[in-house]
Amino acid sequence: MADTADTRTPAQIEADIRRRRATLAETLDEIGVRVHPKTIVGDAKAKVASNIDHTLGRAYVGVNRAVTDVRARFVDEEGAPRLERVVPVALVVVGVVGLLAVGTRRRKG
């Protein structure tokens with residue numbers, strides 16, 4: 001069997017105890033900060049804000065892609081409108097607005 005006797009002096013043992021107490025106090029302080037209600041609420045708020053930012057970023061990219069796709073359908077590479085696509089859509093929009101206007105007048109009248 002190996003000799004497991006402690007060869008430290010009492011001063012060394014006391015110094016080790018002081019170091020361990022200091023380390024334990026720091027650890028307990030860190031735990032106290034982590035479980036404090038304000039810290040928990042702050043972390044939750046930060047996580048929600050991050051998720052919202054991520055969601056809004058994805059929505060922005062999606063909308064931007066959709067606008068680019070629609071624009072590509074109605075404008076050629078040089079930026080000129082594609083009349084063969086713009087005119088029919090404009091006629092449909094005018095027709096729908098006209099039907100809504102006529103329907104509103106009939107309800108009032």
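This report walks through the fold, surface, salt bridges and some long-range distances of a predicted model.

## Overall shape

Let's start with the secondary structure. The protein has three helices and zero strands, and reading along the sequence gives the pattern α-α-α. Its radius of gyration comes out at 36 Å, whereas the globule rule gives 13 Å for 109 residues, so the protein is more spread out than a compact globule.

The extents of the C-alpha trace can be put in numbers too: about 100 × 45 × 25 Å along the principal axes. As for burial, just 3% of the 109 residues in the protein count as buried.

## Surface and charge

The accessible surface adds up to about 10,100 Å². Carbon and sulfur atoms account for 62% of that area. On the charge side, the protein carries 19 positive and 14 negative charges. Take the mean position of each set, and the two points sit 15 Å apart.

There is also a nonpolar patch on the surface, covering about 470 Å². Its members are Leu24, Leu28, Ile31, Val35 and Ile40. Helix H1, which runs over residues 10-35, supplies the largest share of the patch with four residues. Leu24 is a patch member and lies in helix H1.

## The salt-bridge network

The model has four salt bridges by the rule used here. Asp6, Arg8, Asp16 and Arg19 are tied together in a network of them, so it's worth going through the contacts pair by pair, using the 4 Å cut-off between a side-chain nitrogen and a carboxyl oxygen.

Begin with Asp6, which pairs with Arg8 at 2.8 Å between the closest N and O atoms. Both partners are partly exposed: Asp6 has a relative accessible area of 47%, and Arg8 has 34%. Arg8 also forms a salt bridge with Asp16, and here the closest N and O atoms are 2.4 Å apart.

Asp16 is a different story when it comes to burial: its relative accessibility is 17%, and anything under 20% is called buried. Asp16 also meets Arg19 in a salt bridge, with N to O at 2.0 Å. Why are these two about one helical turn apart? Arg19 and Asp16 are three residues apart in helix H1, and that spacing accounts for the turn between them.

## Distances across the model

A few C-alpha pairs help to show how positions in the chain are laid out in space. Ala22 lies in helix H1 and is partly exposed, with a relative accessible area of 39%. From Ala22 to Asp76 there are 54 residues in sequence, and their C-alpha atoms are 72 Å apart in space.

Tyr60 makes a handy reference point for two other pairs. Tyr60 is found in helix H2, which spans residues 37-74, and it is exposed at 59% relative accessible area. How far is the C-alpha atom of Tyr60 from that of Asp43, 17 residues apart along the chain? The separation is 26 Å.

The other pair reaches from helix H2 back to helix H1. Glu26 is found in helix H1 and is exposed, with a relative accessible area of 51%. Glu26 and Tyr60 are 34 residues apart in sequence, and 45 Å lies between their C-alpha atoms.

## Pulling it together

So what does the picture look like? Three helices and zero strands go with a radius of gyration of 36 Å, well over the globule value of 13 Å. Helix H1 is a good place to look in the viewer, as the largest share of the nonpolar patch comes from there, and so do both Arg19 and Asp16. For a sense of scale, try the Ala22 to Asp76 pair, at 72 Å from C-alpha to C-alpha.

Methods: Residues numbered from 1 in each chain as written. Predicted model: local features only at pLDDT ≥ 70, side-chain atom pairs only at ≥ 80, totals over all residues. Heavy atoms only, no water. Patch = residues over 30% accessible without salt bridge, like charges linked within 9 Å, V, L, I, M, F, W, Y side chains within 5 Å. Areas by Shrake-Rupley, 256 points an atom, 1.4 Å probe, with all protein chains shown as cover. Rg over C-alpha atoms; globule rule 2.2 N^0.38 Å. Buried < 20%, exposed > 50% of the residue type's maximum accessible area, 1.4 Å probe, protein only. Lys, Arg positive; Asp, Glu negative; His and termini not counted. Charge placed at Lys NZ, Arg CZ, Asp CG, Glu CD.
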